[in-house]
Amino acid sequence: MDSVIKNIVVGSVLGDGYLTKPSKKGSRLWLKYNDKSLSYLKWLHEKLMPIGVGEIKIKRGYNQHYFLTDSSLEIADLRNSFYSNGKKGIPANIQDILIDPLSLAIWYMDDGCLDYRAKYHCNSTFATFYFSYEDCGRLAETLEVNFGVKARVHECTMRGKMYYRIYILSESMNKFFDIIRKYIQPCMSYKISYSNHQQSR
């Protein structure tokens, strides 16, 4: 597995990707997106072809498309890191894993959101609702240590339950967009629309 593919897998597992339970041949990456993100799924499908990918299929009744990669022992290694207790979590050595802008961009395209309100604020967030407070803290620290992007963990309540999300500080927004911009796919460009707004002024 070359570095580009590994970086895509890392970003995907942080986001919407799922790594299957390993077999003798390894684990597979399963990617699924709604129809609006089909072009993004096709881009990932093309990038992952060197490790073998199944055809893109329709999940009928859900307006979704998906595909799986072939089994890989290297994907199984990542599965062991991110699913150490059978549930997706953030490994203690995440600073050694989340090191490339491509991984960061994939993660943001999957789970990121831009809250831009003219004259008030512009901040990106990651919907890290699946992860614990400790996990989110590790990710926020990794953003600052590895990318120089300052972030904080915020609490949010949905349907009476507490979740956590990662909030990029305003002072780091321009740097954050500069890091990921070249990887953002056209159908996801709305997530960095503030940078486009700045450039047009």
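Tutor: Let's start with a term. A residue counts as buried under 20% relative accessible area, as exposed over 50%, and as partly exposed in between. Keep in mind that this is a predicted model.

Student: Okay, so is R28 buried or exposed, or something in between?

Tutor: R28 has a relative accessible area of 33%, so it is partly exposed. You'll find R28 in the loop between β1 (18–19) and β2 (29–34).

Student: Which residues does R28 touch, leaving out those up to four places away in sequence?

Tutor: Its contacts include Y18, L19 and T20, and also L68, T69, D70, S71 and I75. With T69 there's an atom pair to look for: the R28 side chain reaches the backbone oxygen of T69 at 2.8 Å.

Student: And how far apart are R28 and S103?

Tutor: That depends on how you count. Along the sequence they are 75 residues apart, while in space their C-alpha atoms are 18 Å apart.

Student: Let's try H45. Is that one buried or exposed?

Tutor: H45 is buried, because its relative accessible area is 13%, below the 20% limit. H45 belongs to helix α2 (residues 38–47). Beyond its sequence neighbours up to four places away, H45 touches V53, G54, E55, I56 and F67.

Student: Now the sheets. What holds strands together in a sheet?

Tutor: In general, strands pair through backbone hydrogen bonds, and the pairing is either parallel or antiparallel. Here, one open sheet has 4 strands in the order β1-β2-β4-β3, paired antiparallel. β1 and β3 (57–59) are its edge strands, each pairing on one side only.

Student: How many bridges join β3 to β4?

Tutor: There are 3 bridges between β3 and strand β4 (residues 64–68), and the two run antiparallel. For one example, I58 has H65 in β4 as its bridge partner.

Student: What is the strand order in the open sheet that includes β5?

Tutor: The order is β5-β6-β8-β7, with 4 strands and antiparallel pairing. Its edges are β5 (112–117) and β7 (151–158), each paired on one side only. On average, neighbouring strands of this sheet are turned by 35° against each other, direction ignored. Inside it, 2 bridges join β6 (residues 121–126) to β8 (residues 161–168), which run antiparallel. T125, for instance, has Y167 in β8 as its bridge partner.

Student: Which strands does helix α5 lie across?

Tutor: Helix α5 (residues 133–147) lies across β6, β7 and β8, and runs at about 0° to β8. Helix α6 (residues 173–180) packs on the sheet too, touching β5, β6 and β8, with its direction making about 55° with that of β6.

Key
Residues numbered from 1 in each chain as written. Predicted model: local features only at pLDDT ≥ 70, side-chain atom pairs only at ≥ 80, totals over all residues. Heavy atoms only, no water. Buried < 20%, exposed > 50% of the residue type's maximum accessible area, 1.4 Å probe, protein only. Contact = heavy atoms within 4.5 Å. Polar contact = N/O pair within 3.5 Å; in protein donor to acceptor, adjacent residues only side chain to side chain. Pairing = 2+ DSSP bridges. Axes fitted to C-alpha atoms, helices over the stretch in contact; angles between N-to-C directions.
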